[in-house]
Each structure stands twice: as structure tokens, then as C-alpha cells.
Amino acid sequence: MDSQILKSMPLHLHTEVYEDYLSDEGIRFLRRYGEGTKEGCLTRDFLIPEDMTLQSIHAMIQKAYGWENTHLHLFELDKEDFEILTEDCIENWEELVGEVFPFPGIFKDFLLDVEGRSLEKSFTGPYNKKPIIPKEEHKKSLENFFEKVKEIPVFNEKKKEWENTPLEKASLKELQASRIFEGSMNELLEHLEIRDVLYFEDEKVEKDESFPLGKGLIYCYDFGDHWTVKISLRKSWEHLLKEGLITGEELAKAERIVAKEHRPICLHRQGVNLFDDVGGLEGFARFLQEVYEGETLEAREELLEYGKNMGWSKEKISPYDTLS
């Protein structure tokens, strides 16, 4: 991997909100009224400083999709990347706790603004690279866990029942499946820089080092509505340029702004803004259906007013105004 590319150029970050089990009807309304993709996804493409942290990307995503940072969130590696990184070995995961992963369930300020900064200021550099919780606290929590826990429940496929298994004989998947931790074992520390987390999505990399961690990153927001955002790094803007969705002049201007002002720029967006507490992507699709196809004008206007009170508008937003 050519690390000089990552360290000398702004990066193309692609994001898309998706839902695994989105109904055909939900897809139809998201495409018809939400300007979604053919799969019902809503996307944003950013040019970002190469040293943005996950915490600052959290703030950027919140602003770009219309959320208001009122619920818990986390970043996780793609499942396949997590398995490659840890090799299904508890000891490998243990070594990365405090460096890459927090101890599961350890307290952090989920709502970001420990310094009282606005979302806009939080995704504008310079970025805070200091861990919220010192590495030593993660390691201490891990040590306490291994002192107290000697066995975990493991499901026996032959007997179709749970059995206690010595921890030293268990795999990482079995430890995850035991749900002995309150939090995710795959959650990432948010002071990590994006260049240390992701390599380009179409790049073949020999995994002889821990960093970058993988090519797939998942952002989860609001564990009730279960918003899910796929995040990837792309090598070029060729597709968007070829389709006429952005111009070379716009790209060059954005590169100058990112370099000079140390902040991300949204260059392309497909899909309207979302809002909190609507029931996830499927719920938002139903909301759009009722707003545009509700039985009575009064019902449509009442629901539209509810959306406005939640910070939502059906007005189109340009890419350049997405982060302003």
C-alpha cells in the first residue's frame, strides 16, 4: 500500500445509509420521495483531510444526514475485516484492546461534545487525537475480566445446548456469542485516524501489519432505530466525474478548501435528509409515504409539521450546503 498517497492527499470517503431487511415497499418510497438509490440507500461523498478521526467523522455524518447527535453511536470494523485482523483468537483481540478496541462496555462520552463544541467545529481541524480513556484503564479492565471469568457458556451444536467451557479453550467467536460483555468486542476507539482504519476498497493488501485495519467500516447510530452507515475509502472520483455528477473544477476547488481550511467538503449527495426517532430507514420510508400520499390534506400537513419540529425539511439541499 502506498502510504504516501494517504498522507499527502485529501481522501474520498463514501458513505451510505442502508438497512438489511428493507421492504420492497420501503425501497419504492425511498426512491420515489427520498431520492434514494435503486436499493433504497441514501449516500454522501466527502473529500476529507487525511487525519480526520472517527470522532470527527461521527460529527460530520450527523450533520450530513440531518441527525442531531441525541443517541448513542459506535464504529465497528466490517465482520470480515475483524475476523482477518483477530484470526478468531482471543489473545490477538486482547493485544489490540486499548490500541484499537475499547474494553467492551467501558464508559465513554457517547454524545461527543465533551468540550462543548458544535458539530461543525467538531469536524473541522485540528482534530483531538487524545484518547478519551487512557489505554491503561482498558488494560486494567481486561485484566480484571480474565481474573474473574474462567469459563464461558458455549453452544454445543451436537447436543443443541449451552455448556460451560474453559476460557482458554474458547475461540473469539465463542466469546462474542456468549454475550458476556455488555458492549461490542468489535467497537473501535474514536481517537483513531481514518488513514489508520481504512485502506482503499478496491485495493489488495497483504495483512502483515495491523494498520490500516481493513476496507469496511460500519457506523451505528441510535440502537433503537438502528441506523447503519457503510463507510469506505475510494481511490478516485472517476465514476462521479464520468456521470457528470461533479466537475473537475468542483473537485479542484474542494481540494484547495480541504487543504487550506482543514475541514471536509461534501461533493455529492443522493437522498434527502433524515431525522431522529422516526423508526430507522423503514420508518422514514413510511413517513415519506404518509407525507406525500396520506389520505387527507390535514393528515399530511400534520405529519409534515411533526417532521419540521424534529428538524426535518423536504427542501433540497446542495452538496456544498450539506455541512454548513
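Which residue in β7 is the bridge partner of H12? The partner is R234. The views below come from a predicted model.

**View 1. Six strands form one open sheet.**
The strand order is β3-β6-β7-β1-β2-β8. Pairing in this sheet is antiparallel. The edge strands are β3 (73-77) and β8, and each pairs on one side only. From one strand to the next, the twist averages 20°. Follow the order from β3 to β8, and the next views take up the pairs in turn.

**View 2. Strand β3 pairs with β6.**
Five bridges link β3 and β6, and the two strands run antiparallel. Look for F75: its bridge partner in β6 is Y219. E76 also has a place in this view, opposite I218 in β6. β3 is mostly covered, with five of its five residues buried. On one side lie H73, F75 and L77. On the other lie L74 and E76. Both faces are covered.

**View 3. Strand β6 is largely enclosed by the rest of the structure.**
Why is β6 described as enclosed? Five of its five residues are buried, so the rest of the structure largely encloses this strand. L217, Y219 and Y221 point one way from β6. I218 and C220 point the other way. Every one of these side chains belongs to a buried residue.

**View 4. A hairpin joins β6 and β7.**
β6 and β7 pair in the antiparallel sense over five bridges. Y221 has W227 as its bridge partner in β7. Five residues sit between the two strands of the hairpin. One residue to find here is D222, which takes a positive phi near 60°.

**View 5. Strand β1 pairs with β7 and with β2.**
Strand β7 (residues 227-234) is joined to β1 by seven bridges, and the two run antiparallel. H12 and R234 are bridge partners in this pairing. Strand β1 (residues 11-18) also pairs with β2 over seven bridges, again in the antiparallel sense. There, L11 stands opposite I48 in β2.

**View 6. Strand β2 is buried on both faces.**
Is β2 enclosed or open to the outside? Strand β2 (residues 42-48) has seven of its seven residues buried, so the rest of the structure largely encloses it. L42, R44, F46 and I48 lie on one side. T43, D45 and L47 lie on the other. Both sets are buried, charged-looking names and all.

**View 7. Strand β8 pairs with β2 and holds H268.**
β2 and strand β8 (residues 265-270) pair in the antiparallel sense over five bridges. F46 stands opposite C266 in β8. H268 is found in β8 too. Is H268 buried or exposed? Its relative accessibility is 11%, so H268 counts as buried. Leaving aside neighbours within four places in sequence, H268 is in contact with T43, R44 and D45. Its other contacts are L240, L245, I246 and P319.

**View 8. Two helices lie across strands of the sheet.**
Helix α3 (residues 54-65) lies across β1, β2, β3, β6 (217-221), β7 and β8. α3 runs at about 135° to β2. Helix α12 lies across β1, β2 and β7. The angle of α12 to β7 is about 110°.

**View 9. Helices α12 and α13 pack together.**
Helix α12 (residues 280-293) and helix α13 (residues 297-309) have axes 7 Å apart. They pack at an angle of about 135°. The two helices are therefore oblique to each other. Their crossing is left-handed. Which residues of α12 meet α13? They are F287, E290, V291, Y292 and E293. From α13 come R300, L303, L304 and G307. The residues of this contact divide into five nonpolar, one polar and three charged.

Terms used: Residues are numbered from 1 along each chain as its sequence is written. This is a predicted model: local features need pLDDT of at least 70, side-chain atom pairs count only at pLDDT 80 or more; totals for chains, interfaces and linings use all residues. Side-chain values use heavy atoms; hydrogens and water are left out. Axes are lines fitted to C-alpha atoms, for helices over the stretch in contact, and angles run from 0 to 180 degrees between N-to-C directions. Helices (H or I, at least four residues) and strands (E, at least two) are DSSP runs, numbered from the N terminus. Angles under 35 degrees count as roughly parallel, over 145 as roughly antiparallel, 65 to 115 as roughly perpendicular and the rest as oblique. A crossing is left-handed if the near helix is turned anticlockwise from the far one by less than a right angle, and right-handed if clockwise. Contact means heavy atoms within 4.5 Å. Ala, Val, Leu, Ile, Met, Phe, Trp, Tyr, Cys and Pro count as nonpolar, Asp, Glu, Lys and Arg as charged, and the others, Gly among them, as polar. Buried means under 20% relative accessible area, exposed over 50%, partly exposed in between (1.4 Å probe, protein chains only). Two strands pair if DSSP finds at least two bridges between them.
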